Amino acid sequence: MESEEEKEIKGKVHSFAGVIIQILLLDIVFSLDSVITAVGMAEHVEIMIAAVVIAVIIMMFSASAISNFVNDHPTVKMLALSFLLLIGVSLLAEGLDQHIPKGYIYFAMAFSVLVEMLNLKMKKNAKKPIELRNTPREEETKN
């Protein structure tokens, strides 16, 4: 589960421009599926372009807050990865002409998010364990 321990992690130092370029490339890659979906749904190219630009701007401004939250709660990261796996399996099934009702997928995701919210709330409200210290008698036996 989640641990309070912190380990010193040494990594590469990246330049600011390099990080921005990586973020932009990831935004573009992960926005492609949205763009493809938008092409199939929207009739006006201007609306599609505006929607993608607004989505990228929102992602850029909220990236650090979301990143900090996910780094503080590793179980949320696993939940997000499991959602990607669930969507991938669903897309694979659709490609093989096996229809999975979207309601099942949305219910599974909503239920998982609800359980994770309860876990986070429970952890936040949990009392810290009592730290035991040595009694004077134990101190004497050590010396």
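This report describes helix α3 of a predicted model, together with its neighbours α2 and α4.

Local features are reported at pLDDT of at least 70 and side-chain atom pairs only at pLDDT 80 or more, whereas totals for chains, interfaces and linings use all residues. Residues are numbered from 1 along each chain as its sequence is written, and side-chain values use heavy atoms, with hydrogens and water left out.

Helices here are DSSP runs of H or I with at least four residues, numbered from the N terminus. The expected span is 1.5 Å times one less than the number of residues, and for both helices in the table it agrees with the distance between the end C-alpha atoms.

| Helix | Residues in helix | Expected span | End C-alpha distance |
|---|---|---|---|
| α3 | 22 residues | 32 Å | 32 Å |
| α4 | 24 residues | 34 Å | 35 Å |

In α3, residues V76, L79, F83, S90 and A93 are buried, that is, under 20% relative accessible area with a 1.4 Å probe and protein chains only, exposed being over 50%. They lie on the same side of α3, because they cover an arc of only 100° around the axis, taken from the directions from the helix axis to the C-beta atoms. On the other side, M78, L84, L85, L91, L92 and G95 are exposed. The cover over the buried residues of α3 includes α2 (45–72) and α4 (102–125), and the buried residues of α4 in turn pack against α2 and α3, contact meaning heavy atoms within 4.5 Å.

The axes of α2 and α3, lines fitted to C-alpha atoms over the stretch in contact, come within 5 Å and cross at roughly 105°. Contact is made by F69, V70, N71 and D72 of α2 with P74, V76 and K77 of α3.

Technical notes. Helix = DSSP H or I, 4+ residues; strand = E, 2+ residues; numbered from the N terminus. Axes fitted to C-alpha atoms, helices over the stretch in contact; angles between N-to-C directions.
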